[in-house]
Amino acid sequence: MKAKVAFFDFTSCEGCQLDVLNLTGEELLDLLGAIEIVNFREAISNRSDDYDIAFIEGSISREAEIPRLQKIRAQAKVLVALGACACIGGVNCLKNHLPMEQALKMVYGDAAKYYDTIPARPINAVVPVDFYVRGCPIQTGELVKVVKALLLGKKPDIPNYPVCTECKMAGNICVFEFGKTCLGPVTRAGCNAICVTGGRQCWGCRGLVDEPNKNSEEEILKKHGLTPEQVVEKFKIYNTYAEVKK
Ligand code: SF4
Ligand code: SF4
Ligand code: SF4
């Protein structure tokens, strides 16, 4: 029997679901051999409420999303957060720095009264989450790895060490040497430091490692004549929820 899998979107840009659709032929065939997709608004017209594994994309940012997510949790044997918005709140949480009325007005102007909004939060602030596929957007290789582990009844092996480890293994020169800042020292690896390798820096989209070594980030900043305040704005982009919760 194939495991029945459903994908659901909440507040998001739907880019992570798009990445699922972008799986290469071989990866996709591998997955479809073992699972049956029964609900995936972005890809199929079927809408079944009979599923074993639910993937949730997006953060929670409206009251109506809370009971919807709770209903999915009650049905699914396994619930997986898909992407930064679902895993850590992500960019949607930037609005949490404003009063909600002001955020609504900025987006909808005079039509604000027709909409509702609440401070954005990751899905584990509402329901228990079994597994996380991180990133903005997700890495499809990691998604395949997680699905395979779930089907084998194993815990997916997701790195709990900082992006710097992968960055050094990739042979990159640290961007601090060029006067830039980077969140690699406190961010969970698993992306092979793709942004640094591509000529940028880490913005923290995979969230913090379990025990972020803030001293290490501070030491690096100090060594380069920088202060923590100079990375705070960068930190807010994806990790506002973690920061505000403390
Ligand atoms: S994590 Fe990024 S790509 Fe995925 S839904 Fe959120 S904003 Fe879009
Ligand atoms: S701080 Fe950034 S650029 Fe430097 S090693 Fe770590 S991940 Fe790479
Ligand atoms: S380098 Fe940082 S921002 Fe880029 S994908 Fe990896 S965790 Fe995300």
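Which residues in H6 are buried? Keep that in mind while we get our bearings; what you're looking at is a predicted model, and helix H6 makes a good entry point.

H6 runs over residues 140-151. Thr140, Leu143, Val146, Val147 and Leu150 are its buried residues. Together they cover an arc of only 115° around the axis, which puts them on the same side of H6. That spacing makes sense if you recall your helix geometry: an α-helix has 3.6 residues a turn, so residues three or four places apart point the same way.

So what covers that buried side? Helices and strands both take part: the list includes H1 and helix H2 (25-32), along with strands S2 (35-40), S3 (53-57), S4 (78-82) and S5 (131-133).

You can also run a quick sanity check on the helix itself. H6 has 12 residues, and at 1.5 Å a residue they should span 16 Å; the end C-alpha atoms are 17 Å apart, which agrees. After H6 comes Gly153, and its phi is positive, near 70°.

Now zoom out. The protein chain splits into domain 1 (3-151) and domain 2 (163-245). Their C-alpha centres are 25 Å apart, and the two do touch: 17 residues of domain 1 are in contact with 14 residues of domain 2. On the domain 1 side, H4 gives the largest share of the touching residues, with 3. By character, that side of domain 1 breaks down into 8 nonpolar, 6 polar and 3 charged residues.

H4 turns up again around ligand 1. Helix H4 (84-88) and helix H1 (15-21) each provide at least two residues of the shell there. You may remember H1 from the cover over the buried residues of H6. The residues around ligand 1 include Cys13, Cys16, Cys85 and Cys136, and Ser12, Gly15, Glu57, Gly83, Ala84, Gly90, Val91 and Pro137 are there too. Sorted by type, the shell has 7 nonpolar, 4 polar and 1 charged residue.

Last stop, ligand 3. Here 13 residues surround the ligand, and the closest are Cys191, Cys195, Cys202, Cys205 and Arg206. Helix H8 (residues 194-197) gives the most to this shell, with 3 residues. The mix around ligand 3 is 9 nonpolar, 3 polar and 1 charged.

Methods. Residues are numbered from 1 along each chain as its sequence is written. Chains are lettered from A and ligands numbered from 1 in the order in which they are written. This is a predicted model: local features need pLDDT of at least 70, side-chain atom pairs count only at pLDDT 80 or more; totals for chains, interfaces and linings use all residues. A residue is near a molecule or strand if its C-beta atom, placed from the backbone, lies within 6 Å of it. Helices (H or I, at least four residues) and strands (E, at least two) are DSSP runs, numbered from the N terminus. Ala, Val, Leu, Ile, Met, Phe, Trp, Tyr, Cys and Pro count as nonpolar, Asp, Glu, Lys and Arg as charged, and the others, Gly among them, as polar. Domain bounds come from an automatic or database domain assignment. Two residues are in contact if their C-beta atoms, placed from the backbone, lie within 7 Å. The expected span of a helix is 1.5 Å times one less than its number of residues. A residue is buried if 20 or more other C-beta atoms lie within 10 Å of its own, exposed if 12 or fewer, and partly exposed in between; C-beta atoms are placed from the backbone. The arc is that of the directions from the helix axis to the C-beta atoms.
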